[in-house]
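User: I would like to learn how to read a model like this one. Can we take it feature by feature?

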Protein chains: 2
Amino acid sequence: MPLALATAGLGPALNAGPAPAARLRQDGAQDGAAAGARRRFEAEEEIYAEGDRVVHFYKVVSGAVRTYRLLSDGRRQIDGFHLPGDIFGLEAGAERRTGADALVDTTLVAHRRSDRAALTGEAGALAHEVAAAMLRALERAQDHMLLLGRKSAKERVASFLLGLARRSGTEGTIALPMSRADIADHLGLTIESVSRSFTQLEREGVIALANHRRAVEVQDRAALRRLDA
Amino acid sequence: MPLALATAGLGPALNAGPAPAARLRQDGAQDGAAAGARRRFEAEEEIYAEGDRVVHFYKVVSGAVRTYRLLSDGRRQIDGFHLPGDIFGLEAGAERRTGADALVDTTLVAHRRSDRAALTGEAGALAHEVAAAMLRALERAQDHMLLLGRKSAKERVASFLLGLARRSGTEGTIALPMSRADIADHLGLTIESVSRSFTQLEREGVIALANHRRAVEVQDRAALRRLDA
DNA sequence: CGCGGTTTTGAAGCAGTTCAAGTAGCGTGG
DNA sequence: CCACGCTACTTGAACTGCTTCAAAACCGCG
């Protein structure tokens, strides 16, 4: 049995969004059995590759991670960026269907997929998180299919920025731990199109690029919302 | 608690693909408690709409269903077609994030989302199916994001046909229960582009269109596979 | 200061869209 | 039983948003 889930009391957990870092630490502190091994990865380091055997799943403590799929000729689709509090690396089969690497220096907590103790404890806090993570991943995937299938370049960038703003929780300035190439491969565009969309939004006074283009300040959230359709 | 899942023994179920109709009936027959209410829908009839309260989830007995999301201006993204054996309509929140309608005359089995008896029975056959359905939905969404983000029109159509061929289980001729518009809104294209891709594949001898364009015969599976990358 | 990487900008090209006919089933009613 | 009209699909031609190719700007670093 590769994985056990229980969604008791799932409702609230689902609406809570990514667990804040504070709660994350608390979990680790109060339940030694459920706490997995802390692992560190450097910027651009591979966490796992397509085809690897699935042993662990992970929760981001700090840093950021991308998970992606590749076509035989090298075309890449990044299906998600994972920020502190996010769980990723859950998989149904025995083999990885996606690859994952750290965008920047990153700390993760690794849990054995087969670790039922961690998943089915009396409180089952981690189990709830895992189930919520799966459902959230599906909802995000649905949103992203709509974006990829039906939105313009500018709308894609606007949606991306709003999503990132919401998830990173920071008001005002959003850090971009990923390169233009990563954003492009997430949004189904080229780096040039991403860059042009940023520039255009900046010229329109919707955003301001800061910190060597690796951060955006949202100046007109309403305009972004309008583009988000 | 809106929904309970347990994935014990999930592995094999996951690799099994959609349950064949035979097994479907067997499930219903052997476990009266788990069997939900049978419901019929006519072609083009709405099953639920975006914003509806979530009460049931469904399993397709016969026919076909599309689930989709809309942008405020009417742009539509069909996130999946559901064929006999498929489970759809699982949702985390209280409100529908997607709409669903029947493509053709369709029979479903409806289960109350809150029906824990059906989901957590000793054997828990339905619970496994539900968990497997969720994981499969996520895998399909990942495949589809790659398609939408990085594949050409012809590749999209090829992937779509191969997927449909695999899922419908029929060797040779594949029925297309959906219109060109539905296919277009699934593949992130226009109806004209879908039509042109079909025509092109036909001219190349890869497929043959039959039954008033509502069925395709695969004539060169290897060529389709190559396009699937 | 100059090198290597990333991002931006420019110009040309093109895949897919848009707009506009044309064709083919199919049910309906005379 | 056939003309009519409706809808779905296909085809053609022009257009355009994004890509591709190319070069410049920017920065961080040895």
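User: Which helix supplies the largest share of the surface near DNA strand C?

Analyst: This is a predicted model. Start with the element that contributes most. Here helix 7 of chain A gives the largest share of the surface near DNA strand C, with 4 residues. Helix 7 (191-203) of chain A and helix 7 (191-203) of chain B each supply at least two residues of that surface.

User: How many residues of that surface are nonpolar, polar and charged?

Analyst: Sort the lining by residue class. The surface near DNA strand C holds 8 polar, 7 charged and 3 nonpolar residues.

User: Which residues come nearest to DNA strand C?

Analyst: There are 18 residues around DNA strand C. Ser195(A), Thr199(A), Ser193(B), Arg196(B) and His212(B) come nearest. Then ask which part of the DNA is approached. Sugar and phosphate make up 64% of the atoms of DNA strand C that come within 4 Å of the protein.

User: Which side chains pair with a base nitrogen, and which with a phosphate oxygen?

Analyst: Take the bases, then the backbone. An N or O atom in the side chain of Arg196(A) is 3.0 Å from a base nitrogen of DNA strand C. In chain B, a polar side-chain atom of Glu192(B) also lies 3.0 Å from a base nitrogen of that strand. For the phosphate, look at Thr199(A): an N or O atom of its side chain is 2.7 Å from a phosphate oxygen of DNA strand C.

User: Now the sheet. In what order do the strands of chain B stand, and why is one side of strand 2 and strand 5 left without a neighbour?

Analyst: Strands of a sheet pair through backbone hydrogen bonds, either parallel or antiparallel. In chain B, 4 strands form an open sheet in the order 2-7-4-5, with antiparallel pairing. Strand 2 (46-48) and strand 5 (76-82) of chain B are at the edges with a single partner strand each, so one side of each has no neighbour in the sheet. From one strand to the next, the twist averages 30 degrees.

User: How many bridges join strand 4 to strand 5 of chain B, and what packs there?

Analyst: Strand 4 (residues 65-70) and strand 5 of chain B run antiparallel and are joined by 6 bridges. Leu70(B) stands opposite Arg76(B) in strand 5 of chain B. Helix 4 (residues 125-150) of chain A packs on the sheet and touches strand 4 and strand 5 of chain B. The direction of this helix makes about 120 degrees with that of strand 5 of chain B.

User: Where in chain A does pLDDT stay under 50?

Analyst: Where pLDDT is low, the predicted coordinates should not be read in detail. Chain A has a mean pLDDT of 85, and 81% of its residues reach 70 or more. Over residues 1-33 of chain A, pLDDT stays under 50. The model has 67 contacts beyond four places in sequence for that stretch.

Notes:
Residues are numbered from 1 along each chain as its sequence is written. Chains are lettered from A and ligands numbered from 1 in the order in which they are written. This is a predicted model: local features need pLDDT of at least 70, side-chain atom pairs count only at pLDDT 80 or more; totals for chains, interfaces and linings use all residues. Side-chain values use heavy atoms; hydrogens and water are left out. Two strands pair if DSSP finds at least two bridges between them. Axes are lines fitted to C-alpha atoms, for helices over the stretch in contact, and angles run from 0 to 180 degrees between N-to-C directions. Contact means heavy atoms within 4.5 Å. pLDDT is the predictor's confidence in each residue, from 0 to 100. A residue is near a molecule or strand if one of its heavy atoms lies within 4 Å of it. A polar contact is a pair of N or O atoms within 3.5 Å; within protein, one must be able to donate a hydrogen and the other to accept it, and residues adjacent in sequence count only if both atoms are side-chain atoms. Ala, Val, Leu, Ile, Met, Phe, Trp, Tyr, Cys and Pro count as nonpolar, Asp, Glu, Lys and Arg as charged, and the others, Gly among them, as polar.
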